[in-house]
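Biologist: Hello! I'm new to this one and would love a friendly walk through it. Could you show me what we have?

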Amino acid sequence: MPRGEKSSYTDKQKRQAEHIEQQYQKEGVSKKEAEERAWATVNKQDGGGKKSGSGRKDHH
């Protein structure tokens, strides 16, 4: 999967990233930087991409 490919994300994750990106841009962060930070945040929260099952993560 090429870097920056967003097709594996759910609509909810895409909306969330968009929202985070807009918040960063309000703070004066460049569009590119805001987008990178937004996706990094979504990845950190969800582990990246779609998750199967109940949505609960097992932490070992």
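Biologist: Thanks! Let me start with a single residue: in which helix is E21 found?

Modeller: Happy to help, and please keep in mind that this is a predicted model. The protein chain has two helices and zero strands. The helix in which E21 is found is α1.

Biologist: Does E21 count as buried or exposed?

Modeller: Buried means under 20% relative accessible area. E21 has a relative accessibility of 5%, so the residue counts as buried.

Biologist: Which residues does E21 touch, not counting those up to four places away in sequence?

Modeller: Helix α2 covers residues 31-46, and the buried residues of α2 pack against α1. E21 itself is found in α1. Leaving out residues up to four places away in sequence, E21 touches K31, A34, E35 and A38.

Biologist: And Q22, at 40% relative accessibility: what does that residue count as?

Modeller: Q22 is found in helix α1 as well. Exposed means over 50%, and buried means under 20%. At 40% relative accessibility, Q22 therefore counts as partly exposed.

Biologist: How many Å apart in space are Q22 and E35, C-alpha to C-alpha?

Modeller: In sequence, Q22 and E35 are 13 residues apart. In space, their C-alpha atoms are apart by 8.6 Å.

Biologist: Let's turn to the second helix. Which residues are buried in α2?

Modeller: α2 has 16 residues and reaches 22 Å from its first C-alpha to its last, close to the 22 Å expected. Buried in this helix are A34, A38, W39 and V42.

Biologist: Within what arc do the buried residues of α2 fall, seen down its axis?

Modeller: Looking down the axis of α2, you find its buried residues lining one face of the helix, because they fall together within a limited arc. On the other side of α2, K32 and K44 are exposed. The arc that holds the buried residues is 125°.

Biologist: Which residue follows α2, with a positive phi?

Modeller: α2 covers residues 31-46. The residue that follows has a positive phi, near 80°, and is G47.

Biologist: Which residues make up the largest nonpolar core?

Modeller: This core has six residues. α1 and α2 each supply at least two of them, and the largest share, three residues, comes from α2. The six are Y9, A17, I20, A38, W39 and V42.

Biologist: Which residues form the aromatic pair, and is it stacked or tilted?

Modeller: The structure holds one aromatic pair. Y9 and W39 form it, with 4.7 Å centre to centre and 55° between the planes. Planes under 30 degrees apart count as stacked and those over 60 as edge-to-face, so the pair of Y9 and W39 is tilted.

Biologist: How many residues apart are Y9 and W39?

Modeller: Y9 is buried, and W39 is too. Y9 sits in the segment before α1, whereas W39 belongs to helix α2, so the pair links distant parts of the chain. In sequence, they are apart by 30 residues.

Biologist: Which residues does W39 touch, leaving out those up to four places away in sequence?

Modeller: We met W39 as a member of the largest nonpolar core. Its contacts include two other members of that core, Y9 and A17. The full list is K6, Y9, Q13, K14 and A17.

Biologist: One last thing: over the face of which residue does R37 lie?

Modeller: R37 lies at 4.9 Å from the centre of a ring. The residue whose face R37 lies over is Y24.

Terms used
Residues are numbered from 1 along each chain as its sequence is written. This is a predicted model: local features need pLDDT of at least 70, side-chain atom pairs count only at pLDDT 80 or more; totals for chains, interfaces and linings use all residues. Side-chain values use heavy atoms; hydrogens and water are left out. Rings of Phe, Tyr and Trp (its six-membered ring) pair if their centres lie within 6.5 Å; planes under 30 degrees apart count as stacked, over 60 as edge-to-face and the rest as tilted. Helices (H or I, at least four residues) and strands (E, at least two) are DSSP runs, numbered from the N terminus. Buried means under 20% relative accessible area, exposed over 50%, partly exposed in between (1.4 Å probe, protein chains only). A charge sits over a ring if NZ of Lys or CZ of Arg is within 6 Å of the ring centre and within 35 degrees of the ring normal. A nonpolar core is a set of buried Ala, Val, Leu, Ile, Met, Phe, Trp, Tyr and Cys residues joined through side-chain atoms within 4.5 Å. Contact means heavy atoms within 4.5 Å. The expected span of a helix is 1.5 Å times one less than its number of residues. The arc is that of the directions from the helix axis to the C-beta atoms.
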